[in-house]
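User: Please take a close look at one part of this protein, and then place that part within the whole. I am a first-year student and would be grateful for the cut-off behind each term.

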Amino acid sequence: MKKVLLALALCVSFSGMAQLVNVTSIDKVNIPESAVNKVAAISPQGDYILVTTDYNKGLTKYDLATGATQVVTQAQGAGFDTKISPDGQTVVYRERSANKKHLQMKAVKSKNLTTGAEQQVVKPTRELQGVAIDGNTAVAVNNGKIAKKAIADGKAKVSAPVLSTKNYLMYVTRDGKTTELAPNGKAYRYIWASLSPDASKVVYCCSGKGAYVCDIDGTGLKSLGNYRAPKWMGNDMVVAMDCKDNGEVFTSSEIVVLDLSGNKQVLTGDDVIAMYPLPASGKIAFSTPTGEAYIINITK
């Protein structure tokens, strides 16, 4: 059996403020090293990762236990905000193309990793705002309207709010109605937005101001600090990166866990530039600028 995870003696440091999780190991994933590799997603069960390029071209599945690989798609744009179904069987991704006028178009597709069955959720459009998975349903917001398609047994059904972005503003779609969400005001750009698992809160980055959490209706605004690429780890904690650059390249970056009370724990040391954390099932996957991938194994 191919050995996939190589344990590293990374320096695991903690802020003096709190210990929010226990780090049991930080392991390097034995994927072909390339400056264009990065982790696009980790399965909800934590048994595989999806790897794409720096330009979000294509998706390849890497099984963390066996080392088996599976090419999911070669589509342009597939690595941006990729979604995996709760059972880990289906991947929902974007496919970027150009129309006859050379304008950029985006479609949404799904692929079952076991059967190889593919289907189109949204045909190529100029107005795609966001993609989500709600139970057995792939969901997309296209020009403020919901498009949905079942990706498993049963009828397509959307019960949770869908968070999306357009022109760097956030939007929430519920019960067929899309409303703007701009807790810091419309003068700022909103990026890296995601909905908490219980759909009650939103975490996002506000340009020039850092990471924030608010309730789904825009109230209860809290600043988390000057962090980037935040992702929910449960309903009460966020994982993010604390990075610095010289205007051209990143010079340092640490993975941090934050709770909603303002406590912080640093999970990685200064011997690796750890970026774009993705949490799932007791694991946090992250990438480096040199195309490496790592898994932080944690317990609470």
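Analyst: **His 102 and its surroundings**

His 102 counts as exposed, because its relative accessibility is 70%; buried means under 20% relative accessible area, exposed means over 50%, and partly exposed lies in between, with a 1.4 Å probe and protein chains only. The model is predicted, hence local features need pLDDT of at least 70 and side-chain atom pairs count only at pLDDT 80 or more, while totals for chains, interfaces and linings use all residues. Residues are numbered from 1 along each chain as its sequence is written, and side-chain values use heavy atoms, with hydrogens and water left out.

His 102 sits in the loop between strand 8 (90-98) and strand 9 (104-112). Helices (H or I, at least four residues) and strands (E, at least two) are DSSP runs, numbered from the N terminus. What is the sign of phi at His 102? The value is positive, about 65°, although His 102 is not a glycine. Most residues other than glycine have a negative phi.

Ser 281 also has a positive phi without being a glycine, with a value near 50°. Ser 281 belongs to the loop between strand 25 (275-280) and strand 26. With a relative accessibility of 48%, Ser 281 counts as partly exposed.

A third loop residue is Ile 151, found between strand 13 (145-150) and strand 14 (162-166). Its relative accessibility is 12%, and therefore Ile 151 counts as buried. Leaving out residues up to four places away in sequence, Ile 151 touches Ser 85, Thr 90, Ser 110, Gln 119, Ile 133, Asn 136, Thr 137 and Ala 138; contact means heavy atoms within 4.5 Å. From C-alpha to C-alpha, Ile 151 and Leu 181 are 29 Å apart in space, and they are 30 residues apart in sequence.

**Strand 5 and its partners**

How many of the five residues of strand 5 (residues 59-63) are buried? Five of the five are buried, and the strand is mostly covered. Leu 59, Lys 61 and Asp 63 point one way from strand 5, whereas Thr 60 and Tyr 62 point the other way.

Strand 5 pairs in the antiparallel sense with strand 4 (residues 48-53) over four bridges; two strands pair if DSSP finds at least two bridges between them. Within this pairing, Val 51 has Thr 60 as its bridge partner. Five residues lie between the strands in this hairpin, where Asn 56 takes a positive phi near 60°. Strand 5 is also joined to strand 6 (residues 69-73) by four bridges, and these two run antiparallel. Lys 61 stands opposite Gln 70 of strand 6. The hairpin of strand 5 and strand 6 has five residues between the strands, and Gly 67 there takes a positive phi near 85°.

**An open sheet and the core**

Four strands form an open sheet in the order 21-22-23-24, with antiparallel pairing. Strand 21 (228-232) and strand 24 (264-266) are at the edges with a single partner strand each, so one side of each has no neighbour in the sheet. Neighbouring strands of this sheet are turned by 25° against each other on average, direction ignored; axes are lines fitted to C-alpha atoms, and angles between N-to-C directions run from 0 to 180 degrees. Strand 23 (residues 250-259) is joined to strand 24 by three bridges, and Val 256 stands opposite Val 266 in strand 24.

The largest nonpolar core has 21 residues, of which Ile 255, Val 257, Phe 286 and Ile 296 touch the most other members. Such a core is a set of buried Ala, Val, Leu, Ile, Met, Phe, Trp, Tyr and Cys residues joined through side-chain atoms within 4.5 Å. Strand 22 (237-245), strand 23, strand 26 (283-287) and strand 27 (293-299) each give two or more residues to this core. Its largest share, four residues, comes from strand 22. Beyond its neighbours within four places in sequence, Val 257 is in contact with residues including Leu 20, Val 21, Met 233 and Leu 267.

**The whole protein**

The protein has zero helices and 27 strands. Of its 300 residues, 48% are buried. Its radius of gyration of 19 Å agrees with the value near 19 Å for a compact globule of 300 residues; the radius is taken over C-alpha atoms, and the globule rule is 2.2 Å times the number of residues to the power 0.38.
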